[in-house]
Amino acid sequence: MADIITIADEPERALDRACQVLAEAEPVAMPTETVYGLAADATNPDAIARIYEIKGRPRFNPLIAHVSNLEMAEAHATFDPLSLKLAKAFWPGPLTLVLPLKPESAIHPLCTAGLSTVGLRWPRGFAGDLIARYGKPLAAPSANTSGRISPTSAEHVAADLGEKLQLILDGGAAGVGVESTIIKVDAQGVHLLRPGGLSVAAIEAEIGQPVLRSEHAAGEAIEAPGMLASHYAPTASVRLNAGTVSRDEVLINFGDQPIAGRDEARAIFELSKTGNLREAAANLFSTMIKADAVGAGRIAFAPVPDQDLGEAINDRIRRAAAPRGEEDSQHG
Ligand code: TXA
Ligand code: MG
């Protein structure tokens, strides 16, 4: 079983021990403001191979390289003016930028899945401190078995991967609760590859131009390979935009909407009683895990508005509800 260090109690030991484990080419579970990440030295192929092995993740799905400042980011990737503007406005924070990889970058092709681009993010808080201390970028996908719900607490990580890990750093509940927003800028404009913890509205306000959803990026292949159908899959099946709920279902509620049959539901969990989208995002994955633990056959989600963080919330609910083919259950 993994060692668990509570960062608030022993911040120095958390950093020291994590650097030791990372230097031995072993992954470490670390809190970020979005979700917990499974971090390993992005320049070391043995370390990155361990991430894929522990998660059971297909190697064609690239990992985000996390940095601790803009200078470290610029050592590995070329920034166009709009990407630089976004980095300066929103880093550290829940934003990943897909950028051309510099030929001299030490980030290993196993991290980028051999692509000519790299996804870079500077996370807030402890993760940034750890990267600064380690001095090299850390590859980090969400710290869950591929296809499962992303963890927003050290307990989630321990329950899923505790037997496979040496060290879990406990930073409490992840504040944002959904993964970073992924953006790629090209000659056509600014593309949204994954909605996430930074709203599109905030990005558009910063750059003064619309963000293009992938359907606008005509003719392009899937841009974020991890964004394939089924993902975030609880054991129960999932139904979204439920206006009614039946006795064999668990209801995950949002705000104060009329849901027919709600008194009959097996159980009810609230994403946000007041209809606050930030609160709902922060609660989303832990609520799905609790709802799943009831053991009902199906989880019904009340409608969530598709604005601001609601876009990322609905994206994750849709993926949780997607049909679970053999291949489809193998991502992220
Ligand atoms: O908030 C987050 O982003 C969390 C925390 C730990 O930082 N990480 C995370 O990683 O969500 P992961 O591996 O679960 O999702 C990374 C996504 C995948 O969909 C992957 O395909 C995409 O980023 N990605 C990474 N590099 C890319 C690239 N060069 N081009 C396009 N997509 C890329
Ligand atoms: Mg993931």
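The exercises below work through a predicted model, from confidence to sheets, helices and single residues.

Residues are numbered from 1 along each chain as its sequence is written, and chains are lettered from A and ligands numbered from 1 in the order in which they are written. In this predicted model, local features need pLDDT of at least 70 and side-chain atom pairs count only at pLDDT 80 or more, while totals for chains, interfaces and linings use all residues.

**Exercise 1. Find where the model's pLDDT is below 50.**

Step 1. Start with the overall scores. pLDDT is the predictor's confidence in each residue, from 0 to 100. Its average over the protein chain is 93, and 92% of the residues score at least 70.

Step 2. Look for the low stretches. Residues 216-222 have a pLDDT below 50, and beyond near neighbours in sequence this stretch has 5 contacts in the model. Two residues are in contact if their C-beta atoms, placed from the backbone, lie within 7 Å. For residues 326-331 the pLDDT stays under 50 as well, with 18 contacts beyond four places in sequence.

Step 3. Decide how to read them. Where pLDDT is low, the predicted coordinates should not be read in detail.

Step 4. Note the global scores: ipTM is 0.99 and pTM is 0.94.

**Exercise 2. Describe the open sheet of 4 strands and state which strands stand at its edges.**

Step 1. Fix the terms. Helices (H or I, at least four residues) and strands (E, at least two) are DSSP runs, numbered from the N terminus. Two strands pair if DSSP finds at least two bridges between them.

Step 2. Write down the order, which is β12-β15-β13-β14, with parallel pairing. β12 (237-239) and β14 (267-272) are the edge strands; each has a single partner strand, so one side of each is left without a neighbour in the sheet. On average, neighbouring strands are turned by 20° against each other, direction ignored. For such angles, axes are lines fitted to C-alpha atoms, for helices over the stretch in contact, and the angles run from 0 to 180 degrees between N-to-C directions.

Step 3. Go through the pairs.
- β12 and β15 share 3 bridges in the parallel sense; R239 has A300 of β15 as its bridge partner.
- β13 and β15 run parallel and are joined by 4 bridges; E249 stands opposite R298 in β15.
- β13 (residues 249-254) and β14 pair in the parallel sense over 5 bridges; the bridge partner of I252 in β14 is F269.

Step 4. Add the helix. α9 packs on the sheet and touches β13, β14 and β15 (298-301), its direction making about 160° with that of β14.

**Exercise 3. Which residues of helix α7 are buried, and what covers them?**

Step 1. Apply the burial criterion. A residue is buried if 20 or more other C-beta atoms lie within 10 Å of its own, exposed if 12 or fewer, and partly exposed in between; C-beta atoms are placed from the backbone.

Step 2. List the residues. In α7 (residues 154-161) the buried residues are A154, H156, V157, D160 and L161. They lie on the same side of α7, because they span an arc of only 155° around the axis. The arc is that of the directions from the helix axis to the C-beta atoms.

Step 3. Identify the cover. It includes β1 (3-6), β2 (28-30), α2 (45-55), β8 (167-170) and α9 (277-293).

**Exercise 4. Place strand β9 among its partners.**

Step 1. Check burial: 5 of the 6 residues of β9 (residues 181-186) are buried.

Step 2. Take the parallel partner. β5 pairs with β9 over 4 bridges, and V98 stands opposite K184 in β9.

Step 3. Take the antiparallel partner. β9 and β10 (residues 189-194) are joined by 5 bridges. K184 has H191 as its bridge partner in β10. The hairpin that joins β9 to β10 does so through 2 residues.

**Exercise 5. Locate the cis peptide bond and two positive phi values in residues other than glycine.**

Step 1. The cis bond joins W91 and P92, with omega about -5°. P92 is in the loop between α4 (81-90) and β5 (95-100).

Step 2. A113 has phi near 55° and sits in the loop between α5 (109-112) and β6 (117-121). A113 counts as partly exposed, with 16 C-beta neighbours inside 10 Å.

Step 3. N241 has phi of about 50° and lies in the loop between β12 and β13. N241 is partly exposed, with 13 other C-beta atoms within 10 Å.
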